[in-house]
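Grab a pencil and work through these exercises with the model open beside you. Try each task on your own before you read its solution.

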Amino acid sequence: MNISSEQLEKGYTLFRQPGSVEWVFADDETMIAACWEGDHSFRVELDPSAADEPVFCSCGDRCCRHDLAVLLDVLRVAGKMPEMFVMECHAAAKNQLRQETHKELAAADEPPAAPSAPTGQKQTAEAEPLSWEPLSPEPLAAVVSLAEARMDKTRGKRGKLTFSQPVFPEPEESAAQWRAYFRDRFHKALMHSRPGNYMFGLGSELKGFYYHVVEEMADESKGWPPTVRGLFVLHAQLYAMEALEQFFAQPSFNPSQIYGFSQITKELASAASQHIEEILAVINMEEVQTRYNEAMKEALELLRLNTFTPTPPHLDWSALYQTLWGRIFLFSGEWGAEERTRLEELQSQTSNDSLLTRVRTSLALFDFLDGKDEAALAILTAHSSLPRDRYMYYVNHLYDHQAWSRLLVWLRGLTRFLRRESYLLNHEIFPMWLNAAESQPEEPGWIEWIKLLLPQSQDIYTIYLIENGDARQVAHMLLSQGHPIYYIDRDILRLLEKTDLRLVLPLYHQDAERYILEKNRQSYKQAVRLLKKLAGFYKKLKEQDRWQLYIGQLAERHSRLRAFQEELRRGKLIQ
């Protein structure tokens with residue numbers, strides 16, 4: 001069997017895709033697999049007794065990428081490391097190329113020999129394809145036998161090996177049986193970490209593994225009742241997260257070898273929290289307590305074990321813990337009280353700083369769920385930094401439940417953290433504040449809080465004042481700040497003009513005078529542009545006499561500025 005380096009690389013890429021190889025049949029002579037590439041499957045037959053061509057693929061090519069993906073899976077099942085075989089193949093190819101180059105250099109130094117080929121034909125030395133036997137530590141037949149022996153545990157009713165998929169579980173089965181199915185079905189994709197030379201692209205495969213597990217199980221359990229299906233998918237999600245965590249914990253794994261590893265873990269945690277929200281939306285908690293009590297408790301136990309590990313986990317299990325318990329506590333305060341007791345015991349027994357932080361953060365969650373906002377804030381704000389996702393959970397929860405008084409308490413307590421988040425303030429917090437302030441107009445605390453955040457809160461505070469009939473205060477505030485007209489938000493200017501046109505007159509007068517004092521032609525042009533705008537305002541107010549008096553005094557006051565006088569005439573403001 002000859003192996004080309006190009007096909008080997010393609011076969012390895014195919015092998016790494018979850019579910020790419022499915023074993024269909026095997027006996028003492030032949031093994032048959034379905035190799036999936038996208039939506040197409042290819043039949044691959046493996047016969048180690050055939051010396052010339054032990055692998056045959058329905059695509060028609062000899063030693064194609066499908067053949068190699070199946071062979072690499074045979075190595076995996078036999079307990080070997082497919083990655084090491086790939087590396088040995090590349091090393092052998094480089095060595096072969098080095099030997100051929102050495103022969104060519106040696107031949108160039110020798111005197112030319114008599115041609116043995118007819119004139120007009122050129123002899124070229126072609127590199128021989130790699131062969132299995134020198135590269136694998138054992139003959140192909142021995143590896144296949146070992147793989148068959150390991151697969152023999154799944155022998156079917158007919159006495160022949162059946163490897164397509166483990167039997168899909170039933171809704172009535174226990175959560176432990178569900179998880180055993182997940183391990184049998186998906187363990188291949190993350191069985192070994194890659195050698196350093198093969199880290200490129202692993203980040204996307206890690207995310208792909210998570211989505212593959214969750215989406216496959218959600219799709220295949222469509223016919224189940226909603227509550228038990230939600231629990232099944234929840235366990236599948238926890239299995240995928242736990243499998244990734246175990247993959248990261250391998251001694252050979254180095255996060256620095258994966259570009260954007262921290263971003264990948266954040267995206268996975270965010271996706272997991274969103275999936276939990278979707279799952280809990282279809283679960284009937286009353287039915288859980290009466291019929292599926294054990295399945296939910298096992299899920300909570302798995303979540304606890306992975307969240308409160310001595311060493312910090314790579315994935316953000318605390319976010320999942322927060323999301324899941326935030327919903328369950330509403331339905332079962334008894335479960336919440338038991339969990340709080342466990343956390344308090346863990347807090348008293350450990351001196352690990354990282355673990356203590358995670359435990360205290362979780363205790364703050366239960367304080368919040370009990371309505372003890374000050375106690376929860378005291379825990380969360382004890383440190384100089386607080387992740388945005390952690391505190392926005394509480395803010396969003398209170399906003400969604402229209403708990404305005406509690407929301408005000410949290411915004412006050414988080415002020416020093418929110419000051420650092422300009423984008424978050426403008427796009428999430430300030431719109432929330434506006435709705436809350438309009439819902440509780442009699443509460444002065446809303447105005448006091450927004451004033452604390454000036455000047456960051458100026459735009460939203462201005463809109464609030466205008467909508468509540470206090471546009472004059474807005475005009476005075478803008479005038480006192482002395483900002484140029486172009487600096488003020490256009491929407492705010494339009495609101496002021498619509499409310500009372502007289503409110504914007506001082507702003508335009510101030511800006512025009514500022515441009516005149518700069519004493520250059522370009523500034524005079526800008527001043528005339530503003531003055532023409534003012535002329536239009538006075539006309540709308542039917543106060544042309546007042547305008548003529550002002551423009552005449554302005555021209556006389558600056559009569560020595562020749563360029564300014566020229567621009568006034570050009571703008572037809574004076575004769």
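**Exercise 1. Find which helix gives the most to the positive patch, and list the patch members.**

Step 1. Helix H25, residues 521–540, gives the most to the positive patch, with 3 residues. Helices here are DSSP runs of H or I with at least four residues, strands are E runs of at least two, and both are numbered from the N terminus.

Step 2. The patch gathers Arg490, Arg529, Lys533 and Lys540 on the surface. To join a patch, a residue needs over 30% relative accessible area and no salt bridge, and like charges are joined within 9 Å (for nonpolar side chains, that is Val, Leu, Ile, Met, Phe, Trp and Tyr, it's within 5 Å). Lys and Arg count as positive and Asp and Glu as negative, while His and the chain ends aren't counted. The place of a charge is NZ of Lys, CZ of Arg, CG of Asp or CD of Glu.

Step 3. Now zoom in on Lys540, which sits in helix H25. Lys540 counts as exposed because its relative accessibility is 65%; the cut-offs are under 20% for buried, over 50% for exposed, and partly exposed in between (1.4 Å probe, protein chains only).

Before going on, know what you're looking at: this is a predicted model, where local features need pLDDT of at least 70 and side-chain atom pairs count only at pLDDT 80 or more, while totals for chains, interfaces and linings use all residues. Residues are numbered from 1 along each chain as its sequence is written, and side-chain values use heavy atoms, with hydrogens and water left out.

**Exercise 2. Describe the chain as a whole: how many helices and strands does it have, and what share of its residues is buried?**

Step 1. Count the elements: there are 27 helices and 6 strands.

Step 2. Check burial: 45% of the 575 residues count as buried.

Step 3. Look at the surface. The accessible surface is about 30,700 Å², and carbon and sulfur atoms hold 50% of that. Such areas come from the Shrake-Rupley method with a 1.4 Å probe, and for residues only the protein chains shown count as cover.

Step 4. Turn to contacts (heavy atoms within 4.5 Å). Among contacts with a separation of 6 or more, 66% are between residues 24 or more positions apart.

**Exercise 3. Work out which parts of the chain the salt bridges of Arg327 and Arg390 link.**

Step 1. Start with the idea: side chains of opposite charge can pair when their charged atoms come close. The rule asks for a side-chain nitrogen of Lys or Arg within 4 Å of a carboxyl oxygen of Asp or Glu, and the count comes to 27 salt bridges.

Step 2. Arg327 pairs with Glu277, with 3.5 Å between the closest N and O atoms. Arg327 is in helix H12 (residues 317–331) and Glu277 in helix H9 (residues 261–282), so this pair ties together parts that are 50 residues apart in sequence. Arg327 is partly exposed at 25% relative accessibility, and Glu277 is partly exposed at 35%.

Step 3. Arg390 forms a salt bridge with Asp316, the closest N and O atoms lying 3.4 Å apart. That pair links distant parts of the chain, with Arg390 in helix H16 and Asp316 in the loop between helix H11 (293–307) and H12, 74 residues apart. Arg390 is buried at 12% relative accessibility, whereas Asp316 is partly exposed at 27%.

**Exercise 4. Say how far apart Arg570 and Glu567 are in helix H27, and whether each is buried or exposed.**

Step 1. Their side chains meet in a salt bridge, 3.2 Å from N to O.

Step 2. The two are 3 residues apart in helix H27, so about one helical turn separates them.

Step 3. Arg570 is exposed, with a relative accessible area of 58%, but Glu567 is buried, at 5%.

**Exercise 5. Track down some backbone oddities: which residues does a cis peptide bond join, and where does Lys519 lie?**

Step 1. Leu454 and Pro455 are joined by a cis peptide bond, with omega about 5°. Pro455 is in the loop between helix H20 (445–452) and helix H21 (458–467).

Step 2. Lys519 isn't a glycine, yet its phi is positive, about 55°. You'll find Lys519 in the loop between helix H24 (505–517) and H25, and Lys519 is exposed, with a relative accessible area of 56%.
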